[in-house]
Amino acid sequence: MKKIKTNSKICTGCSLCTMACSITKLGVANPHKGAIAISRDPWKRKEKITVCEQCKKAKCIEACSEGALYYDEDAVVRVKQEACTKCGACVDACPFEAIRLIDDRLIKCDLCENGTPQCLRVCSTGAIQLLETQVTTASPAQRGPVNVV
Amino acid sequence: MYLNFSTAEIDLSSKRIEIHQTPEQLVRKFLGGRGLNMYYLYKLLTKEMDPLSPDNPLIVGAGLLTGTPAPAASRTNFSAKSPESLIFADANVGGFFGAEMRHSGFDRLIITGKADSPVYLYLENGRIEIRDAEGLWGLNVNETQIKLREKLGSDIEVACIGRSGEHLVRFAAVLTGVKNTAGRGGLGAVMGSKNLKAIVAHGTRDIQLANAKQFLETLVELKDLLLTSKMVQTLGRVGTTILYDVSNVLGTVRTENSLKNAFDDSLLSSEFEKQADKMLSCFACPVHCRHRNKHGGEGPDYSTFGTLGAGCGVSGADVAADINNVCNDLGLDSSSAGTIISWAIELYQRGLITREQTGREYRFGDAELVKSLLHDITERRGFGNTLAESTRAVSLLGEETKDYVIAIKGLPQSDSHDVRYLVSFALGIAVAGRGADHLRNRPTLEILGLPPEALNRIYGTTIHPDPTAYETKEHLVYYHENIYAAVDTLGLCKFVCHGFNSPHMLDYDAFARLIEYGTGLELSKDDLMEIGKRIVDLERLINARLGVDGKYDTLPRRFFDDPAPLRVAKGHKIDREKFSQLLQRYYALRGWTTDGVPTEERRLELE
Ligand code: SF4
Ligand code: SF4
Ligand code: SF4
């Protein structure tokens, strides 16, 4: 199993991670369009990183009637863009607001399609880590449409 | 080429808004930020113009790379005619406003006129609205932003003034966030004079990059390079407070209005470290030099606690952090505020102002006095009304008082360095275009203890290794001034710029790569240096038109006449004769006349 693990306590709010992600996913620089999002409230004195938790029992997968979301062999939740009808059911279902419709694409963290997570590469504080465990905890049933892809 | 930049001209009197593409040849010549702002100021400023009149253009210009993920690409320049110095004002600010302005579709705003009643500007995805600022006028910096966020959502960025700007205090600043300040020159008063409380940006527009993949790779490489720097690591832990530690050993801390040149250990960086809850970044910045302090605010920086702390003889990092928070919330430029208050204290001690005028005793080391004066200045209450005039107060207090104000060209000195031991620093603040200021040219490399060969290599000539020597020091200021002007056009922070705090970090080559992958524009090191020189020359021409030439490239009297009393710097002062020869060498190096102005040919070339 693989996921991005974050520590908002040490995040300085720079938003480099978000832009690294927007470049990777959309080819443009935009601090509002990454699969990883930073919210800051200087007056409540809080920075918060939001990114997909790669849930073991993913609500987004359950919510999708089109089979556009599925677990890959590392239990990473991935999007099949061509199957996605942009209905937004998964966006509403995600308890973490970690999946969003941006520029007519479903954007969520897929660990840079299993390349090197770009957000992690640009972070200067260690607030972003890659968590990897050998055992895939998701059962084949939970993996959903992975078998039919 | 990705050089589509958009300029909005906004006339608050007639409510007319015109949006057009910034001419590409101008972008090529001046890039953005400070560079393009100066181009417009050169076109628009006149000697007769009252800085607080509707005619004064307030220009808000993001850097060429601001809003992209280039390292520390957070900066924006606010520029206009200064109500404090009456020459040009240009203040560079970080935070998140500039990036958001670009993502809202605008790179530069040119704001003229005066609204009938208080307004704010709302920028969103290519559209601008002038909106009623009811309920905001009368609020200070924090409350203004909190209110706007409650109303418009928490994903906006705001640049605004506090009550000091509304009351036309001549050193009122423009702030964004809790602490980021476009401080110098009284641009907050310019906003106030236009009845403009705030500019709000909200945008989701993309910035297209010429080569996004290479840009990202370059970012990673440069970020890694920056993080190996000891200076960056230290700034990321204690911010600019580290500069005090070095300065206080040398005896180069402006203390008690420069009657002394060193202060106590209560302001060491280790003390400020204890005041911080967390370090924060501006947009896209891997350095994160800003403290979130335990007293409800952010900061302080060296220039703030140097001038309002040591400058006023006030001890204690906790006290300094608290005063810093008050100063920011009121929307005052801390450098001017500290310098002006410490001046008033000395004038009181000398009997040049009296209790009858001030209403109370003024003495160094009185934190409560400093705090209450910040409020009095903001409200223009009692003697605060006089101090709110900054250096203009000389005409109210008598010519004799001028000898004691640490200011040049009408602008109080920005940073807290006492320059009597550091000849190159002295030259720097004397020639800086906007007045006594370190951010235009501070040759920090001189005091880092680098081997002479390293210095010679950087400057391309043999540099006299003694900081108190006059020979060759023109080369230092020249070099730093050019690269800082270049970095200010790009919108990158000086803390990632080669030379500002370290011989490493991003140099012209790094800038060139970021520009190429960002915009497609291919520029050489020489091209970039020439852009820097062009801007420095243009700033000189602006001042010359406003009646300020080389005659004003001088120092506060004290630095020539009174030897520094303490530490390594003890006994040192600046020699008038040698200093004026140094000035002439500097003019010659720039190709200026002996009056310190660019030649006629150069003027024609730049127009
Ligand atoms: S790992 Fe890749 S896809 Fe996931 S948030 Fe980071 S940059 Fe975006
Ligand atoms: S790059 Fe790191 S420090 Fe910067 S916003 Fe992202 S998580 Fe926070
Ligand atoms: S170094 Fe400090 S001031 Fe500069 S951009 Fe980074 S956080 Fe802001």
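**Close-ups of the A–B interface**

**View 1. Where chain A meets chain B.** In this predicted model, 34 residues of chain A are in contact with 44 residues of chain B. Put the two chains together and about 2,900 Å² gets buried between them, with carbon and sulfur atoms giving 56% of that area. Look out for Trp43(A), Arg45(A) and Arg121(A): this trio supplies 25% of what chain A buries against chain B, more than any other three residues.

**View 2. Salt bridges and polar contacts across the interface.** Chains A and B share 7 salt bridges. One of them links Glu47(A) to Arg292(B), whose closest N and O atoms sit 2.7 Å apart. As for polar contacts, 24 residue pairs turn up across the interface, counting pairs with both residues at pLDDT 80 or more.

**View 3. The side of chain A that touches chain B.** Several elements of chain A chip in at least two residues each: helix H1 (16-26), strand S2 (28-29), strand S3 (37-41), strand S4 (46-50) and helix H5 (118-122). H1(A) takes the largest share, with 5 residues. By residue type, this side of chain A splits into 14 nonpolar, 11 polar and 9 charged.

**View 4. Strand pairing between the chains.** Here S2(A) teams up with strand S13 of chain B (residues 207-208). The two strands run antiparallel and are joined by 2 bridges. Zoom in on Val28(A) and you'll find its bridge partner in S13(B), Gln208(B). S2(A) is also among the elements that supply at least two residues to the side of chain A touching chain B.

Notes:
Residues numbered from 1 in each chain as written. Chains lettered and ligands numbered in written order. Predicted model: local features only at pLDDT ≥ 70, side-chain atom pairs only at ≥ 80, totals over all residues. Heavy atoms only, no water. Contact = heavy atoms within 4.5 Å. Buried area = accessible area lost by both parts, 1.4 Å probe. Salt bridge = Lys/Arg side-chain N within 4 Å of Asp/Glu carboxyl O. Polar contact = N/O pair within 3.5 Å; in protein donor to acceptor, adjacent residues only side chain to side chain. Helix = DSSP H or I, 4+ residues; strand = E, 2+ residues; numbered from the N terminus. Nonpolar A, V, L, I, M, F, W, Y, C, P; charged D, E, K, R; others polar. Pairing = 2+ DSSP bridges.
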